[in-house]
Amino acid sequence: MATIEGHPLAGSVQFSTTDASDGVEFAIDTYTRSANFFDWMAMNTVGAPLQDANWKRVVQRVIDLSGGAADKSVQSTSEELDDAAAEKAEKTLRSTVNARVRAESAEDIAQG
């Protein structure tokens with residue numbers, strides 16, 4: 001899922017799974033960027049803790065619905081990307097969104 005420029009909080013959310021020796025690791029990666037100073041203030045004072053708690057609930061719900069268990073409690077990490085890593089993440093996101101738009105346009109044309 002992705003939001004684009006002009007939204008108060010532009011970014012993306014990616015859900016992934018990885019095989020692990022004792023099961024499956026489920027992860028939610030978010031990349032966010034505030035549109036302006038006021039959005040940044042809101043995110044850093046109220047929004048980020050609320051989002052973190054929400055994503056932890058989502059992961060716990062996935063664990064519960066799958067019948068799985070977590071050896072440790074749900075883990076959360078956060079980091080600020082440097083300029084090069086942020087640029088790489090943005091390019092990847094733009095490429096993904098553009099590919100999706102092209103695929104949907106091709107589908108629309110094929111359906112006539």
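These notes cover the fold, overall dimensions, surface and aromatic pairs of a predicted model.

1. Fold order. The protein has two helices and three strands. Read from the N terminus, the order is β-β-β-α-α. Strand β2 covers residues 9–20 and strand β3 covers residues 23–34. Helix α1 takes in residues 37–66.

2. Dimensions. The radius of gyration is 17 Å, whereas a compact globule of 112 residues would come out near 13 Å. The C-alpha trace spans about 45 × 40 × 25 Å along the principal axes.

3. Burial and contacts. Of the 112 residues, 11% count as buried. Take the contacts between residues at least 6 apart in sequence: 36% of them join residues at least 24 apart.

4. Surface and charge. The exposed area is about 9100 Å², with 53% of it supplied by carbon and sulfur atoms. The protein carries 10 positive and 18 negative charges. The mean positions of these two sets lie 2 Å apart.

5. Aromatic pairs, strand to strand. Searching the whole structure gives four aromatic pairs. One of them joins Phe15 and Phe26. This pair is stacked, at 6.4 Å centre to centre and with 15 degrees between the planes. Phe15 sits in strand β2 and Phe26 in strand β3, so the pair ties together parts 11 residues apart in sequence. Are these two rings buried or exposed? Phe15 is partly exposed, at 39% relative accessible area. Phe26 is also partly exposed, at 25%. The cut-off for buried is under 20%, so a value of 25% falls outside that class.

6. Aromatic pairs, within a helix. Phe37 and Trp40 have ring centres 6.0 Å apart and planes at 25 degrees. Planes under 30 degrees apart count as stacked, so this pair is stacked. Both residues belong to helix α1. They are three residues apart there, which means a separation of about one helical turn. Phe37 is exposed, with a relative accessible area of 51%. Exposed means over 50%. Trp40, at 43% relative accessibility, counts as partly exposed.

7. A ring cluster. Which residues do ring pairs link into a cluster? They are Phe15, Phe26 and Trp55. Phe15 and Phe26 are the stacked strand pair of point 5. Trp55 falls within the residue range of helix α1, residues 37–66.

Notes: Residues numbered from 1 in each chain as written. Predicted model: local features only at pLDDT ≥ 70, side-chain atom pairs only at ≥ 80, totals over all residues. Heavy atoms only, no water. Phe/Tyr/Trp six-rings, centres within 6.5 Å; stacked < 30°, edge-to-face > 60°. Helix = DSSP H or I, 4+ residues; strand = E, 2+ residues; numbered from the N terminus. Buried < 20%, exposed > 50% of the residue type's maximum accessible area, 1.4 Å probe, protein only. Rg over C-alpha atoms; globule rule 2.2 N^0.38 Å. Contact = heavy atoms within 4.5 Å. Areas by Shrake-Rupley, 256 points an atom, 1.4 Å probe, with all protein chains shown as cover. Lys, Arg positive; Asp, Glu negative; His and termini not counted. Charge placed at Lys NZ, Arg CZ, Asp CG, Glu CD.
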